[in-house]
Amino acid sequence: MDLKEPIVLLTGGSGGIGREIVRSLILSGFSVWNLDMVRPQSPLLQETFREINLAEAPFVLERSIQKILHECQSMGEIYGIVHNAGFG
């Protein structure tokens with residue numbers, strides 16, 4: 001029986017509220033894929049960082065997301081998505 005790890009994709013996980021969401025999800029038993037423009041200063045053990053710019057042109061962004069999803073699905077099962085990215 002092949003049990004894949006539960007993965008949550010999180011946009012904007014590198015700063016402020018995002019870091020707390022990463023910690024909370026990891027404590028709840030998830031592996032977190034942090035999709036952000038900025039690498040976190042202190043990545044956590046169950047955290048995978050992938051650089052992505054959500055402000056890219058739609059066709060470029062679509063290719064970036066497809067690549068990330070393909071890679072993610074080979075590592076585990078996507079359990080959920082949390083959209084936390086913002087500018088301000």
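## Aromatic pair

Going by ring centres, this predicted model has a count of 1 aromatic pair. The partners are F30 and Y79: their ring centres sit 4.9 Å apart and their planes meet at 40 degrees, so the pair is tilted. Why tilted rather than stacked or edge-to-face? Stacked planes have to be under 30 degrees apart and edge-to-face planes over 60, so an angle of 40 degrees falls into the remaining class.

As for where the rings come from, F30 belongs to the loop between α1 and β2, while Y79 is part of strand β4 (residues 76-83), so the pair ties together parts that are 49 residues apart in sequence. Are the two partners buried or exposed? F30 counts as buried, at 15% relative accessibility, whereas Y79 is exposed, with a relative accessible area of 61%.

## Salt bridges

How many salt bridges turn up in a search of the whole structure? The search comes back with 3. One of them joins the side chains of E47 and R19, with N to O at 2.7 Å. This pair links distant parts of the chain, 28 residues apart: E47 is in strand β3 (residues 47-51) and R19 is in helix α1 (residues 17-27). Both E47 and R19 are buried.

Helix α1 also hosts a salt bridge between R23 and E20, whose closest N and O atoms are 3.0 Å apart. Here R23 and E20 both lie in α1, and the spacing is 3 residues, or about one turn of the helix. R23 has a relative accessible area of 36%, so it counts as partly exposed: that value is neither under 20% nor over 50%.

Then there is E71 with R50, where the closest N and O atoms are 2.5 Å apart. This one links distant parts of the chain too, with E71 in helix α2 (residues 58-75) and R50 in strand β3, 21 residues apart. E71 is partly exposed, at a relative accessible area of 29%, and R50 also counts as partly exposed, at 25% relative accessibility.

## R50 and the W33 ring

R50 has a second contact worth a look. Besides its salt bridge with E71, R50 lies over the face of W33, at 5.1 Å from the ring centre. So R50, in strand β3, has an acidic partner in E71 and an aromatic one in W33.

## Around Q46

Where does Q46 sit? Q46 is in the loop between β2 and β3. At 35% relative accessibility, Q46 counts as partly exposed.

Leaving aside residues up to four places away in sequence, Q46 touches E5, I26, F30, S31 and V32. One of those, F30, is the buried member of the tilted pair with Y79. Q46 and I7 are 39 residues apart in sequence, and their C-alpha atoms are 9.7 Å apart in space.

## The largest pocket

The largest pocket has a volume of about 240 Å³. Which residues lie nearest its centre? Those are G12, D36, A85, G86 and F87, out of 16 lining residues. Elements that each supply at least two residues of the lining include α1 and β2. Helix α1 is also where R19, R23 and E20 are found.

Methods
Residues are numbered from 1 along each chain as its sequence is written. This is a predicted model: local features need pLDDT of at least 70, side-chain atom pairs count only at pLDDT 80 or more; totals for chains, interfaces and linings use all residues. Side-chain values use heavy atoms; hydrogens and water are left out. A salt bridge is a side-chain nitrogen of Lys or Arg within 4 Å of a carboxyl oxygen of Asp or Glu. Helices (H or I, at least four residues) and strands (E, at least two) are DSSP runs, numbered from the N terminus. Buried means under 20% relative accessible area, exposed over 50%, partly exposed in between (1.4 Å probe, protein chains only). Rings of Phe, Tyr and Trp (its six-membered ring) pair if their centres lie within 6.5 Å; planes under 30 degrees apart count as stacked, over 60 as edge-to-face and the rest as tilted. A charge sits over a ring if NZ of Lys or CZ of Arg is within 6 Å of the ring centre and within 35 degrees of the ring normal. Contact means heavy atoms within 4.5 Å. On a 1 Å grid over the protein atoms alone, a cavity is a set of points where a 1.4 Å probe fits but cannot get out, and a pocket is an open set with protein on both sides within 12 Å along at least five of seven lines; lining residues have an atom within 4 Å of a point. Grid points are joined across faces, edges and corners, and a volume is the space filled by probe spheres set on the points.
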